[in-house]
Each structure stands twice: as structure tokens, then as C-alpha cells.
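Visitor: Please take me in for a close look at a single part of this model, the place where charged side chains might pair. I'd enjoy hearing how you read it.

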Amino acid sequence: MRLDGFDFTSTDWSAVPAEVRPGESGTVSQRVRHFGAVRVRLVEYSPGYAADHWCRKGHVLFVLGGELTTTLDDGRVVVTPQGASYQVADEREAHRSSTEHGATLLIVD
């Protein structure tokens, strides 16, 4: 990843409009900023959220609050608690997110 094409920027996430969408269950609310080719998202999953799709996009994901469960297409299940992160490259393991009690994430992709 190359970070270029933008100056120093501070983001007040409360001022970024939230997009809310349903999942297979629960909802996802995300606030999105683009910096050159880099997308940065503040994502909130409601309690009981389960994604309605498999994702093959690469991410660097940090759990700010709650706990995230990620199911990989090979059957592995990875639990990422608050204060931890995961990384996956584009077009690698397909993954699908869920959370029992809700989670807040910062995602860079």
C-alpha cells in the first residue's frame, strides 16, 4: 500500500455521515473517508450482527470495542477482541464477520 496524494488530515468521525445497512441479521453502520486510493472506515456492528456476504477485499482491521468473530472460507473461526487486529490481503481467504454483543472497528483498505 502506498499512502500518497493527500496532506495531513484529522478526522472528526462524529461529523462524517453514517451509512446504515442490514446484515443477514443486525445492522452495520459505517462512516467512510477516502484518502487518495486508501479507504478508512469507522464501522459499528449491532449486537447479533452477521454479514450477508463473503468478503475477498484485503483489510487492516482494528477492534476498538467489543469482539468480532470472523469465519474464513476454509472453516476456521477467529475471534478478535477489543485492542487486537487482523490483516488479510486482497483475494486471499474469503471472510465473513459476525458479533454476538456488537463491535466497533477501524478498517483501512
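Guide: Happily! Let's start at Glu-93, which is partly exposed, with a relative accessible area of 30%; on this scale, buried means under 20%, exposed over 50% and partly exposed in between, with a 1.4 Å probe and protein chains only. Please keep in mind that this is a predicted model, where local features need pLDDT of at least 70 and side-chain atom pairs count only at pLDDT 80 or more, while totals for chains, interfaces and linings use all residues. Residues are numbered from 1 along each chain as its sequence is written, and side-chain values use heavy atoms, with hydrogens and water left out.

The partner of Glu-93 is Arg-76: the two form a salt bridge, with their closest N and O atoms 3.7 Å apart. The term asks for a side-chain nitrogen of Lys or Arg within 4 Å of a carboxyl oxygen of Asp or Glu. This pair links distant parts of the chain, since Arg-76 sits in the loop between β4 and β5 (77-81) and Glu-93 in the loop between β6 and β7, 17 residues apart. Strands are DSSP runs (E, at least two residues), as helices are (H or I, at least four), numbered from the N terminus. Arg-76, at 41% relative accessibility, is also partly exposed.

The loop between β6 and β7 holds Asp-90 too, and Lys-57 is in the loop between β3 and β4. Their side chains meet in a salt bridge at 3.2 Å, N to O, so this pair ties together parts that are 33 residues apart in sequence. Lys-57 is partly exposed at 34%, and Asp-90 is partly exposed at 44%.

Glu-91 belongs to that loop as well. Here the backbone is worth a look: Glu-91 has a positive phi of about 60 degrees although it is not a glycine. Most residues other than glycine have a negative phi. Glu-91 is exposed, with a relative accessible area of 54%.

Now step on to strand β7 (95-98), where Arg-96 lies. The side chain of Arg-96 meets that of Glu-24 in a salt bridge of 2.5 Å, N to O. Glu-24 is in the loop between β1 (18-22) and β2 (27-35), so the pair ties together parts that are 72 residues apart in sequence. Arg-96 is partly exposed at 21%, whereas Glu-24 is exposed at 56%.

As for the total, a search of the whole structure finds eight salt bridges.
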